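Dear colleague,

I am passing on a structure for you to look at. My notes on it follow below.

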Amino acid sequence: MFEHLPLKRRRLLCGLLVGGVAAFVGPFVYAAGKFLSYQGILSGNATASVPISQLTEANSSALVEVEGEPVIVVREPGDNLRAFTATCTHLGCTVNYRPQLLIGGSLAPGFYCRCHGGKFDANGVNVPGTPPDAPLTELKLVQQGGNLIVSLVPRTSKT
Ligand code: FES
């Protein structure tokens, strides 16, 4: 393509062309990597561990980090153990678990975000009328001995 130009100028143009392509493609590659990482496809091995004994009736949740992402592990009434992303889907504050949260006029377990009063029900679904407009993601939780192992892999009906 640049054969008619002197060698020095050809190298300069090729360098500029390669640099331009890299500058154009780089952000897409970065965004795809972050997405795949969040989905657990690239980082399926990244986990955090929570001792089951840490989750008591009086202290029914634990906040941990997996690859810098806050994750909340909860012991629901009836001793059901679950994990959710803890990043509020409104503007990104960290939510906390409340065994007694006022939702729709009655008290029920749920997640609360202090920043702007965001609420999510016990399944992580955003409560209408509060700022968040998307649910929290339930994550895969595995019991190994006395510990709960959580990763950023979303829970499916099979897990
Ligand atoms: S950041 Fe959670 S309600 Fe706004």
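The largest pocket is a good place to begin. Its lining is made by T56, E57, S60, R75, E76, P77, G78, D79, Y97, P99 and Q100. Please keep in mind that this is a predicted model, and that every value here is computed from it.

The space in this largest pocket is about 160 Å³. By type, its lining residues are three nonpolar, four polar and four charged. Which element gives the most to the lining? That is strand β5, residues 96-103, with three residues.

For orientation, here is the chain as a whole. It holds 159 residues, and 30% of them are buried. Its secondary structure consists of one helix and nine strands. Read from the N terminus, the order is α-β-β-β-β-β-β-β-β-β, so the helix comes ahead of the strands.

Two of the pocket residues also pair with each other. R75 and D79, both in the lining, form a salt bridge through their side chains, with N to O at 2.5 Å. R75 is partly exposed, because its relative accessibility of 21% falls between the 20% limit for buried and the 50% limit for exposed. D79 has a relative accessible area of 47% and is therefore partly exposed as well.

D79 has a second feature, in its backbone. It sits in the loop between β3 and β4. Its phi is near 65°, which is a positive value in a residue other than glycine.

E67 is another case of this kind. Its phi is positive, at about 50°, and E67 is not a glycine. The residue lies in the loop between β2 (61-66) and β3 (69-75). Is E67 buried, partly exposed or exposed? With a relative accessible area of 46%, E67 is partly exposed.

E67 can also be placed relative to A48. The two are 19 residues apart in sequence, and their C-alpha atoms are 9.0 Å apart in space. A48 belongs to strand β1, residues 47-51. Unlike E67, which is partly exposed, A48 is buried, at 11% relative accessibility.

Now to the salt bridges in general. How many are there in the model? The count comes to four. One of them is the R75 and D79 pair described above.

Another joins the side chains of E138 and R82, with N to O at 2.9 Å. E138 is in strand β8 (residues 138-144) and R82 is in strand β4 (residues 81-85), so this pair ties together parts that are 56 residues apart in sequence. Both partners are buried: E138 has a relative accessible area of 16%, and R82 has one of 12%. These values count as buried because each is under 20%.

E138 has a further partner in R155, and here the closest N and O atoms are 3.7 Å apart. This pair also links distant parts of the chain, with E138 in strand β8 and R155 in the segment after β9 (147-154), 17 residues apart. Whereas E138 is buried, R155 is partly exposed, at 43% relative accessibility.

Which residues do these bridges bring into one network? E76, R82, E138 and R155 are linked in this way. E76 is also one of the residues that line the largest pocket, so you will meet it in both places.

The last item is on the surface. L17, V21, F24, V25, F28 and V29 make a nonpolar patch of about 600 Å². One of these residues, V21, is found in helix α1, which covers residues 7-38. V21 is partly exposed, with a relative accessible area of 48%. That value is over 30%, so V21 meets the accessibility cut-off for a patch residue.

If you want an order for viewing, I suggest the pocket with its R75 and D79 bridge, then the network of E76, R82, E138 and R155, and then the nonpolar patch that includes V21.

Regards

Conventions:
Residues are numbered from 1 along each chain as its sequence is written. This is a predicted model: local features need pLDDT of at least 70, side-chain atom pairs count only at pLDDT 80 or more; totals for chains, interfaces and linings use all residues. Side-chain values use heavy atoms; hydrogens and water are left out. On a 1 Å grid over the protein atoms alone, a cavity is a set of points where a 1.4 Å probe fits but cannot get out, and a pocket is an open set with protein on both sides within 12 Å along at least five of seven lines; lining residues have an atom within 4 Å of a point. Grid points are joined across faces, edges and corners, and a volume is the space filled by probe spheres set on the points. Helices (H or I, at least four residues) and strands (E, at least two) are DSSP runs, numbered from the N terminus. Ala, Val, Leu, Ile, Met, Phe, Trp, Tyr, Cys and Pro count as nonpolar, Asp, Glu, Lys and Arg as charged, and the others, Gly among them, as polar. Buried means under 20% relative accessible area, exposed over 50%, partly exposed in between (1.4 Å probe, protein chains only). Patches are made of residues with over 30% relative accessible area and no salt bridge: like charges are joined within 9 Å, nonpolar side chains (Val, Leu, Ile, Met, Phe, Trp, Tyr) within 5 Å. Accessible areas come from the Shrake-Rupley method with a 1.4 Å probe; for residues, only the protein chains shown count as cover.
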